[in-house]
Amino acid sequence: MKLAIAGASGRMGRMLIESALAQPDAFELVVALDHSTSQSIGQDAGAFLGARTGVMITDDLQALASADCLIDFTRPEGTLEHLKVCVEHGVKVIIGTTGFDDAGKQAIQKAGESVAIVFAPNMSVGVNATLKLLEVAAKILASGYDVEVFEAHHKHKVDAPSGTALKMGEVIANAWDKPLDELATWTRHGHTGAREDGSIGFSVVRGGDIVGDHTVYFCGVGERIEITHRSTSRATYAQGSLRAARFLEDKPKGVYDMQAVLGL
Ligand SMILES: NC(=O)C1=CN([C@@H]2O[C@H](COP(=O)(O)OP(=O)(O)OC[C@H]3O[C@@H](n4cnc5c(N)ncnc54)[C@H](OP(=O)(O)O)[C@@H]3O)[C@@H](O)[C@H]2O)C=CC1
Ligand SMILES: O=C(O)C1=N[C@H](C(=O)O)C[C@H](O)C1
């Protein structure tokens with residue numbers, strides 16, 4: 001499969017390049033994209049590994065035409081720009097980027113009418129298994145338990161709460177047949193009053209090099225259940241993305257999530 005990777009010099013871009021190069025029988029890196037202000041433009045995509053791939057990092061989006069599938073972990077504005085070019089050339093897309101607004105999410109759904117897309121805020125098997133556990137827990141603990149979602153990430157992360165934390169909130173709200181927006185408490189400061197029954201609180205830590213921690217608390221009276229996932233390496237996100245790319249091989253169009261990729 002001919003792969004394009006966007007955000008090639010970013011944390012995830014590099015992990016994806018390393019993971020794809022380690023599977024030469026399955027993947028060929030044909031395009032490495034970054035935006036025009038990036039210092040990496042013109043460098044070999046494997047330079048950070050001391051490897052020569054022959055693929056130079058470029059800002060030429062038309063290069064995407066030579067790929068079967070783009071894996072994009074950038075920023076919402078970048079992803080949406082890349083998506084237009086992928087639709088134009090019939091290129092499949094894996095979107096790992098988080099932080100889209102409603103208009104961005106709608107644009108992804110629209111693009112899915114023409115090309116096959118996997119769009120998921122977390123590509124790791126462990127997180128997607130955790131989402132299933134949360135669905136079960138939310139149904140069993142639907143009353144008498146206060147739900148709080150906590151997440152912690154590295155200091156460079158620009159969106160909050162994380163896409164994964166939002167997805168966890170959505171899974172719980174769905175299990176209760178309510179939209180998350182109706183239940184969410186995003187911040188607390190000052191005289192907040194007592195906690196509202198049935199609400200879902202979110203809290204966020206940013207610091208150092210934390211790869212990604214998520215805990216959902218179901219707090220009852222006299223007991224508390226905590227469901228935690230901790231990422232200690234970005235390799236799981238990259239492996240999940242490559243699995244998603246292979247899943248799309250025989251899909252002509254549509255928007256899929258990682259639950260579909262993993263058959264959960
Ligand atoms: N779904 C999942 O499993 C995961 C999702 N993520 C998400 O992936 C995204 C990237 O994370 P991470 O790799 O840590 O971030 P980085 O900041 O390390 O990398 C982002 C890359 O995208 C480039 N970029 C930034 N803005 C644009 C733009 N407008 N157009 C094109 N390229 C752009 C950056 O270039 P430059 O450095 O020059 O600005 C950089 O190369 C985030 O949204 C994050 O939340 C992260 C991990 C797992
Ligand atoms: O920015 C990150 O690093 C991560 N972002 C994703 C998110 O917002 O959920 C996934 C993972 O937690 C790492």
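In this predicted model, seven strands line up in an open sheet, in the order β3-β2-β1-β4-β5-β6-β12. The pairing in this sheet is parallel. At its edges stand β3 (57-58) and β12 (254-256); each has just a single partner strand, so one side of each is left without a neighbour in the sheet. One of the pairings in the sheet joins β1 (residues 2-6) to β4 (residues 69-72), parallel to each other and linked by four bridges. To pick out one spot along this pair, A6 has D72 in β4 as its bridge partner.

Two helices can be placed against these strands. Helix α2 (residues 76-89) lies across β1, β4 and β5 (92-95), and its direction is at about 175° to that of β4. Helix α3 (residues 102-111), for its part, lies across β5, β6 (116-119) and β12, with an angle of about 145° to β6. Strand β5 thus turns up in both lists, under α2 and under α3.

There is also an open sheet of five strands, and here the order is β8-β9-β7-β10-β11. Its pairing is mixed. The edge strands are β8 (184-185) and β11, each of which pairs on one side only. Helix α4 (residues 125-140) packs on this sheet and touches β10 and β11; the helix makes an angle of about 165° with the direction of β11.

What does mixed pairing look like up close? At one end of the order, β8 and β9 (residues 200-206) run parallel and are joined by two bridges, with T185 standing opposite G201 in β9. At the other end, β10 (residues 212-219) and β11 (residues 224-231) run antiparallel, and eight bridges hold this pair together. Here C219 sits opposite R224 in β11. The two strands make a hairpin with four residues between them, and within this hairpin G222 takes a positive phi near 90°.

Next comes a pair of helices. The axes of α1 (residues 11-21) and α7 (residues 235-248) come within 9 Å of each other and cross at roughly 60°. At that angle, α1 and α7 are therefore oblique to each other, and their crossing is right-handed. On the α1 side, the contact is made by M12, M15, L16, S19 and A20; on the α7 side, by A235, Y237, A238, Q239, S241 and L242. Sorted by class, the residues of this contact come out as eight nonpolar, three polar and no charged.

The model also holds ligands, and ligand 1 has 25 residues around it. Which of them come nearest? They are G7, G10, M12, G78 and G96. Helices α1 and α2 are the elements that give two or more residues to this shell, and the largest share, three residues, comes from α1. M12, then, has a place in two parts of this picture: it belongs to the contact of α1 with α7 and is among the residues nearest to ligand 1. By class, the shell of ligand 1 divides into six nonpolar, 15 polar and four charged residues.

Around ligand 2 are T98, P121, N122, H153, K157, S162, G163, T164 and G212. This shell has one nonpolar, seven polar and one charged residues. One of its members, G212, also belongs to strand β10, in the five-stranded sheet described above.

Conventions:
Residues are numbered from 1 along each chain as its sequence is written. Chains are lettered from A and ligands numbered from 1 in the order in which they are written. This is a predicted model: local features need pLDDT of at least 70, side-chain atom pairs count only at pLDDT 80 or more; totals for chains, interfaces and linings use all residues. Two strands pair if DSSP finds at least two bridges between them. Axes are lines fitted to C-alpha atoms, for helices over the stretch in contact, and angles run from 0 to 180 degrees between N-to-C directions. Angles under 35 degrees count as roughly parallel, over 145 as roughly antiparallel, 65 to 115 as roughly perpendicular and the rest as oblique. A crossing is left-handed if the near helix is turned anticlockwise from the far one by less than a right angle, and right-handed if clockwise. Two residues are in contact if their C-beta atoms, placed from the backbone, lie within 7 Å. Ala, Val, Leu, Ile, Met, Phe, Trp, Tyr, Cys and Pro count as nonpolar, Asp, Glu, Lys and Arg as charged, and the others, Gly among them, as polar. A residue is near a molecule or strand if its C-beta atom, placed from the backbone, lies within 6 Å of it.
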